[in-house]
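Got your viewer open? Here is a short tour with two stops, so keep your selection tool handy.

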Amino acid sequence: MLTPVTPPPLEGTSSPQPAEAWQDLAAGLPEGVRVRLLHAVHGDPRAAAEAVRLLGARQSAGLDPLPTEPAELAPALLRAHRAQIRELPDDTRLLLLLAAADQYPVATHAFLRAVAAARLDTRPLEAAEAAGIAHASANGVVFRDTWTRIAAYESGSPADRRDVHRLLARVLRTGGETSLRSWHRGAGALGPSTRLAAELGAAATRSRDAGRLQQARALAERAAALSPDRPGQARLLARAAAYAWQAGDGDRARRLAAPADGGALTGVLALRAGNAAEAFDALLTAVVTEEGDSAEPAETDARETPPRGAGHAAFTTSSPTPLNGLLSPSADPSPAPRPRTTTLDVPDPALHLLARATEAAIYTGDLRRCRDAALVARRLGIVPPGTLGGLAAAFEGRYEDARDLLAAAAGRCGPGGDPTLLVHAGIAALLLGDHTLAAAVTVRAAASARVRGATVVVAQAMEFRAYADFWTGRPRAGEAAATDALWQAYATGQDNGACHLQAALAMFAALTGDAEVCRERAATARSYARSHGLGLPAALAQWALAYLDLSSGRFAAAAARLRALAGFGPGHGHRAIRHMATPHYVEAAVRTDDTRVARAAHADYHRWASAVRSPDDLALSARCRALLAPGAEAVEHYRTALDLHARGTRDFERARTELLFGSALRRLRHRTEARDRLHSALEAFEHFGAPHCAAQARTELRALGTPATPAQGAPDDPTVRLTAQQLMVARMAAEGATNREIATRLALSPRTIDHHLRGVFTRLGIRSRIELVRLLGEGEAR
């Protein structure tokens with residue numbers, strides 16, 4: 001299980017004042033800006049406090065990229081460090097410069113070899129150790145903190161920096177160090193060089209292929225600086241921007257992409273942090289442009305041209321091509337679609353961009369765009385990704401065709417492979433109702449992304465993993481994984497993905513009965529989603545609120561929310577989410593005696609369930625039929641539903657079916673079976689940590705005159721008595737985190753954290769954090 005990721009430890013600080021100053025200054029920043037800024041300054045609150053004061057209004061609002069260079073982030077802190085270093089002897093500063101060049105911004109691990117090759121004396125490092133700046137180790141030099149290392153590098157003159165880079169290049173001789181040698185050769189260059197630019201471009205490709213994307217970005221950026229021609233610079237900057245984005249450095253990617261003016265990369269950046277509708281248009285235009293470029297290849301040096309096979313680096317800078325003709329029904333018919341293959345190492349750029357356009361259509365909730373993308377693909381003679389074709393077919397009501405296309409997409413889920421296509425396989429599996437496969441595929445996608453260094457894809461994979469965790473009744477594991485992914489999404493500049501994860505966390509909070517957290521996360525997600533055209537998280541947050549209403553007995557409110565799930569335009573709702581929530585809508589509608597719309601919704605849901613043949617979907621359809629049936633007719637439908645649930649994976653929904661069945665049996669005076677069903681449901685809800693649903697089961701048992709079973713687990717086990725969110729807060733508090741720090745880590749308000757801690761103390765019967773530390777320590781010892 002993934003554990004929550006917290007910001008990096010604070011280095012070189014002994015006083016709480018910088019941390020408090022940073023927290024005060026950051027209180028008004030959007031969550032994504034706050035996390036990215038702290039990440040950019042390497043977790044140092046002194047640098048963060050200085051950096052936040054230097055931000056422009058648009059940067060503070062998250063509209064423009066944050067600074068990426070140290071001198072732009074914390075110039076005063078750097079000056080202080082440089083002044084301290086300049087007080088050291090010359091030979092000490094030379095050794096520190098050599099060590100810093102060996103570590104920043106590309107780690108090459110050649111310091112000791114360089115010292116030996118130049119016959120340098122390392123005893124002068126004792127002065128740096130005495131000053132508390134750095135100390136020698138068996139592997140080289142360890143700096144006090146990141147900012148001290150940067151200051152050591154920047155304290156050297158340009159000539160001295162070139163000299164140490166050339167020395168490091170001379171000692172990097174092995175075959176596996178070719179790219180690192182190229183880096184130092186480029187850093188030691190006096191001026192532009194076509195030869196060095198080409199060497200660095202090739203080194204960037206090797207680093208990319210080895211999964212070292214940050215290194216590839218630095219190499220491509222250096223190559224651009226050394227390239228003597230402007231078109232070459234633009235191509236190399238586009239590559240550097242793509243590598244930076246994949247590595248999770250969204251602010252640097254945006255800064256590098258601006259002069260390169262890369263349409264495809266602009267679309268990808270908008271997909272993850274901008275307006276999703278605009279992202280779709282940019283990506284679809286890039287597909288057309290890519291096809292035009294591939295039909296008439298430019299006469300450029302292949303060593304400097306982004307390889308078409310590298311999906312994350314194949315971004316074009318050509319002029320946009322109008323889409324009107326391609327979308328027009330009267331356009332000239334194109335050749336028959338030609339099948340395309342996407343190998344492990346060489347994905348087709350146009351196909352990859354179509355996959356991204358599909359994501360944009362999914363996020364907007366405007367599924368007509370899927371049909372537009374499929375039409376463009378057909379006009380260009382491209383067989384579109386299965387997820388795109390499946391969604392287009394489903395939108396047109398061709399459910400059998402949609403099933404076959406989605407099944408083909410879900411089947412592309414072997415180990416390894418392109419992480420983006422694995423994410424699409426997971427989405428297809430979710431739409432088909434195969435949540436076990438969806439969970440496995442999204443985990444593989446995250447693992448493949450990590451191997452390739454594509455940090456940016458990890459959080460996206462976990463966005464869709466959350467659905468599988470919710471449906472299969474794993475709220476604690478799912479909530480922990482989603483919280484981890486939420487911080488990663490913010491840190492990598494994927495605010496749209498963070499919005500989706502906020503909505504997923506609202507769903508987990510609804511399931512576990514954390515009403516305040518559910519409402520806060522849902523409000524955050526809906527507000528952001530509406531301003532960025534994100535129908536998917538807006539609908540998911542609405543579903544979370546509806547589920548909270550449903551499980552709390554507010555049936556009219558639940559029905560009203562669920563009816564509105566399709567929304568009216570991008571950013572308000574999502575037809576696919578409304579479709580998935582149909583069983584809950586039918587339940588709420590029946591409870592309010594307003595079943596006309598619910599019957600039509602169930603008919604469509606049953607048609608889809610019959611097409612995909614998912615046991616869980618068929619079980620939920622049978623449950624809907626039972627709810628809509630009069631009296632005793634419902635019993636056989638409930639039995640059918642439970643038989644189908646036994647072949648599926650949605651354990652939580654099986655428990656809800658047993659609850660509804662038990663309630664129906666009680667009203668029919670089948671007391672013995674009703675009691676058995678309700679006890680089974682209650683046991684499941686307590687296992688899942690769903691107190692509202694458990695309370696409904698207990699109410700039904702009391703109506704039977706039957707005492708409810710006690711909660712499962714040892715009475716002194718604190719994990720039984722706390723919700724998933726409360727347990728997470730309790731553990732952080734026991735580790736010494738303040739309410740404010742916990743709020744920052746979990747992207748919640750301090751008021752909500754205070755509310756949770758009061759709930760923790762009440763449920764555990766304690767009054768202080770000292771008692772909390774002891775109680776949790778005893779529980780973990782068992």
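The tour visits a helix pair and then a group of aromatic rings.

This is a predicted model, where local features need pLDDT of at least 70, side-chain atom pairs count only at pLDDT 80 or more, and totals for chains, interfaces and linings use all residues. Residues are numbered from 1 along each chain as its sequence is written, and side-chain values use heavy atoms, with hydrogens and water left out.

**First stop: two helices**

Select residues 213-226, helix α14, and residues 230-247, helix α15; helices here are DSSP runs (H or I, at least four residues), numbered from the N terminus. Their axes (lines fitted to C-alpha atoms over the stretch in contact) come within 8 Å and cross at roughly 160 degrees. The two are therefore roughly antiparallel (an angle over 145 degrees between N-to-C directions, on a scale from 0 to 180). Now show side chains: among those in contact (heavy atoms within 4.5 Å) are Leu-213 and Ala-220 of α14 and Leu-236 and Tyr-243 of α15.

**Second stop: aromatic rings**

Next, pick Phe-470 and Trp-471, whose ring centres are 5.9 Å apart with planes at 70 degrees, so the pair is edge-to-face (centres within 6.5 Å, planes over 60 degrees apart; for Trp the six-membered ring is used). Both residues are buried (under 20% relative accessible area, 1.4 Å probe, protein chains only).

Add Tyr-547: its ring and that of Phe-470 also form an edge-to-face pair, with centres 5.9 Å apart and planes at 80 degrees. Phe-470 sits in helix α26 and Tyr-547 in helix α30, so this pair ties together parts 77 residues apart in sequence.

Finally, widen the selection to the cluster linked by ring pairs, which also includes Phe-508, Trp-543, Phe-652, Phe-685 and Phe-688.

Notes
Parallel < 35°, antiparallel > 145°, perpendicular 65-115°, else oblique. Phe/Tyr/Trp six-rings, centres within 6.5 Å; stacked < 30°, edge-to-face > 60°. Buried < 20%, exposed > 50% of the residue type's maximum accessible area, 1.4 Å probe, protein only.
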